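Q: Could we go through this structure together? I am new to it.
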Amino acid sequence: MTNLKIFAVVVGTILLYAALANAIPQVQSAVPQELVLAGDVTPEQLVAAGEDLFNGAGGCTACHGLGARAPNLIGDEAGTGPIGVRCAERVPATDCRSYLWESMTDPSAYVVEGYDPIMPDARRTLSEPQIWTLVAFLQNQGGTVSVTAEDVAVEEEAAAGGAAGGGGAPALAGGSTDPEELLQAATCLVCHQLGDQGAAIGPPFDGMGARLDADAIRRGILLPNADTAAGFAAMAGTMPATFGEQLNATQLESIVQYLAGLR
Amino acid sequence: MMRGRRRWLAGEPARPRRMRWAAWLAAALVACMVEPAAAQEAARQYGHFPGIGSRAAVWIAAQLHLMFAAFVLGVPMFAVVVEAIGIAKQDSRFDNLAKEFTRLLVIAYSATAIWGAVLVFLLTTLYPAFWGHLSEIFEVSMWIYVGLFFIESFTLYLYYYGWARWKKGRAKLVHLGLGILLNVWGTTVMFIADSWLSYMMSPPANVTPDTAPGMVQLWSAIANATWMPINIHRLIANVVFGGAVVGGYAAYRFLNAKSNAERAHYDWMGYIGNFIAISALLILPFAGYWLGREIYAYNQSMGITMMGGFMSWLWIIQAFLIGVLFLAANYYLWLGLGRIPGGERFVPYTKWMLLVLVVGVVVWATPHTMIADRDELVAMGGTHHPFLGVLGVMSAKNTAVNLMILTTFLSFLMYRRANKRPVVAWARTGTVAQATALLLASVVVIFYGVYGYFVPANVRIGFSVYQVAAVLLAIVAVVVLDMLLSRGAESRGEIRWGEMPERAQYALLVLVVTFTWLMGLMGFARSGIRQHWHIWEVMRDTSEWAATPALGYAGTVISACVLLFLGMIGFIFWLGSLIEEPAYAEDPAPGREEPPPPTLEAALGGTP
């Protein structure tokens with residue numbers, strides 16, 4: 001009888017936990033599937049494909065679904081309306097389509113006030129046609145869809161051409177090795193000061209060569225979270241750790257030598 | 001034949017019949033050689049496991065291997081500490097307790113090795129490409145791992161089989177040294193295995209999908225961003241697990257005890273197991289914070305997926321389980337007050353402590369930032385529930401968990417002080433100082449919890465450090481004061497070992513089941529946040545099992561693993577009992593009283 005009670009307590013406890021796990025909302029992490037779109041794909045089909053990605057494998061809802069970590073993309077955001085309406089108003093002289101595309105492929109170019117720059121480049125996990133479907137879905141949230149089959153087809157061709165040319169992530173600044181151009185393209189000056197440009201979110205580039213040698217600068221770019229500069233502890237973890245993937249070796253060395261020379 | 005060949009070389013047409021035969025033969029050759037090669041090419045990526053599928057097969061093998069590994073790493077820590085106490089106090093009962101568990105280790109090592117072999121065979125056959133990739137990077141550390149496992153096993157055999165031979169004088173110290181060495185090997189083995197799995201989570205930034213595995217530097221792969229936090233978290237968790245298993249075993253033996261002496265022995269053992277498990281549990285969340293912070297620092301997306309993405313509900317289940325742990329552990333201690341003379345003076349406080357714990361669990365388990373679809377948002381009337389949204393933020397949760405830790409510590413303190421009457425001149429001042437330290441820590445925790453609602457999120461995150469620091473500081477200060485207060489303290493009476501209610505033993509059983517289930521759940525969280533990547537953003541999982549399953553499925557697999565593990569551990573315990581040498585004296589003859597087992601505090605320097 002004692003052993004039966006022990007068995008009942010043990011099995012009952014396990015079953016309780018299993019029941020609890022089955023009682024909560026069931027969310028499975030989906031896998032991004034290769035997108036196959038016909039040449040005559042309609043805007044509705046693009047929107048539907050984008051909605052699937054947004055709610056599933058794209059992982060967008062982790063931050064954008066609620067508006068807690070990132071702007072709410074499925075409803076009103078602080079009285080500015082849904083994303084399909086407000087997207088054209090975010091950046092002057094930038095239309096909705098371009099803004100949405102840029103926000104996914106170069107997310108630190110414009111960060112909505114009140115939020116941290118935590119969004120990764122969507123191209124790391126999604127293909128460009130998939131990103132276009134997301135643009136279409138977001139435009140459809142109160143706005144007009146202007147993404148067409150041509151956009152997807154053009155991007156697919158470009159992707160094919162890129163693959164033939166060696167593949168990999170697209171080089172920053174069109175492959176330029178000009179350090180100042182690269183600093184602009186990599187949006188470094190959003191956080192680092194250089195002359196009269198940039199903000200004081202991270203250590204200034206001015207005089208960096210007097211404070212750090214080339215090895216330390218290179219390490220700071222490739223492993224930005226390995227060390228924290230004195231006085232910037234509060235911003236630790238802010239700098240993206242993706243430049244090792246975005247820059248090729250020549251570009252990286254160009255930036256390193258340039259910064260090491262700023263004394 | 002030669003003629004035909006010449007014709008072919010000269011470009012002349014062969015005779016039609018011979019051509020058909022040649023074509024048929026060529027097709028047959030292609031069918032025999034090319035088709036199987038293509039099939040092999042596909043098979044090299046993934047194998048197939050019938051019924052439950054490859055993912056579940058590897059999952060179960062890995063989980064069971066891990067549970068046994070935690071047992072054979074946690075219990076030696078327990079054994080060597082208990083043996084050291086026995087040496088220091090010249091008390092053979094501690095020595096017998098250590099030996100009793102080392103005997104079980106010998107059998108458990110075999111089970112660990114068997115499940116490890118099963119795991120490797122499954123990985124080799126079901127995920128050959130991934131395993132090839134990993135072994136190409138880590139081959140040297142894998143050889144060292146196997147060598148160390150071999151050395152560790154033989155150190156264990158020496159430790160166990162040498163117990164009777166090396167039991168006195170300097171030889172006993174050498175024997176203790178073997179126990180320490182056993183822990184060193186075991187911990188090193190764990191660190192090596194941790195490097196493989198943490199590399200899968202956080203490969204170095206310069207490793208990309210195009211990087212050939214042979215080009216990855218071994219040390220940079222080992223010393224990846226999450227390696228050390230996982231090492232430390234597992235090290236502490238193993239101590240917790242070892243203590244909990246000891247407690248569960250003791251509870252089982254207590255409930256089946258045939259004599260008072262046996263009941264007293266296993267009551268004492270259960271108390272020690274629970275003491276070690278809960279003491280280590282109190283510092284485990286801090287190691288967890290560090291691991292979480294490193295995950296966020298390594299990759300924000302991964303961190304957000306873990307805490308606010310599709311895994312967000314997992315933390316509600318975790319909160320429920322940890323709530324059960326806190327409640328069961330405190331309940332056990334409160335029931336224990338009943339067998340300690342003087343313990344009754346603390347009993348009236350327990351209902352208020354229960355209230356703090358229950359409110360803490362409710363706050364901690366309140367959902368906040370969950371994935372919600374449009375309909376759910378409409379139903380809630382906003383992005384957060386209008387009432388629960390306030391309770392679910394980290395300010396409230398951190399406050400709740402820190403107060404729960406303080407409450408549990410207070411239970412330990414009451415238990416420790418129950419049968420003591422301090423005699424030092426400053427006894428009252430010391431007690432007031434202890435109460436002040438706990439009160440101050442509570443005030444700091446509550447202050448930063450409330451203040452957190454009025455500052456931005458990035459400032460609020462830093463407040464948890466102040467809360468944790470206040471709690472740890474108070475715990476250290478109170479323990480030091482208590483050790484000084486206990487010097488020469490008068491006893492209010494001996495603990496009546498064995499007079500523990502049976503329901504306290506069921507609390508210990510619930511503890512070990514919950515710890516084991518929680519281990520499975522956290523393993524799923526750690527592994528699942530990689531989602532469809534074998535190696536995060538380096539090697540994609542393209543198998544049919546690439547999707548990370550929902551919690552319901554995960555809960556079912558975890559439950560199956562826990563059942564299997566506890567079943568096998570039960571079998572090992574039974575095997576151990578077949579060659580048992582009683583570690584307790586049988587019921588003494590009338591008129592002769594067996595001295596009661598000592599308390600751990602007494603053995604550590606306090607007054608019994």
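**The interface of chain B and chain A**

Q: How many residue pairs are in polar contact across the interface of chain B and chain A?
A: The rule finds five such pairs, both residues at pLDDT 80 or more; a polar contact is a pair of N or O atoms within 3.5 Å, one able to donate a hydrogen and the other to accept it. This is a predicted model, in which local features need pLDDT of at least 70, side-chain atom pairs count only at pLDDT 80 or more, and totals for chains, interfaces and linings use all residues. Residues are numbered from 1 along each chain as its sequence is written, and side-chain values use heavy atoms, without hydrogens and water.

Q: Which part of chain B gives the largest share of the side that touches chain A?
A: That is α19(B), with nine residues; helices are DSSP runs of H or I, at least four residues, numbered from the N terminus.

Q: What area is buried between the two chains?
A: About 4400 Å² is buried between chain B and chain A, and carbon and sulfur atoms give 66% of this. Buried area is the accessible area (1.4 Å probe) that two parts lose on being put together, summed over both.

Q: How many residues does each chain bring to the contact?
A: Chain B brings 54 residues and chain A 46 residues, where contact means heavy atoms within 4.5 Å.

Q: And how many salt bridges are there between chain B and chain A?
A: The count is zero, a salt bridge being a side-chain nitrogen of Lys or Arg within 4 Å of a carboxyl oxygen of Asp or Glu.

Note on methods. Chains are lettered from A and ligands numbered from 1 in the order in which they are written. A polar contact is a pair of N or O atoms within 3.5 Å; within protein, one must be able to donate a hydrogen and the other to accept it, and residues adjacent in sequence count only if both atoms are side-chain atoms. Helices (H or I, at least four residues) and strands (E, at least two) are DSSP runs, numbered from the N terminus.
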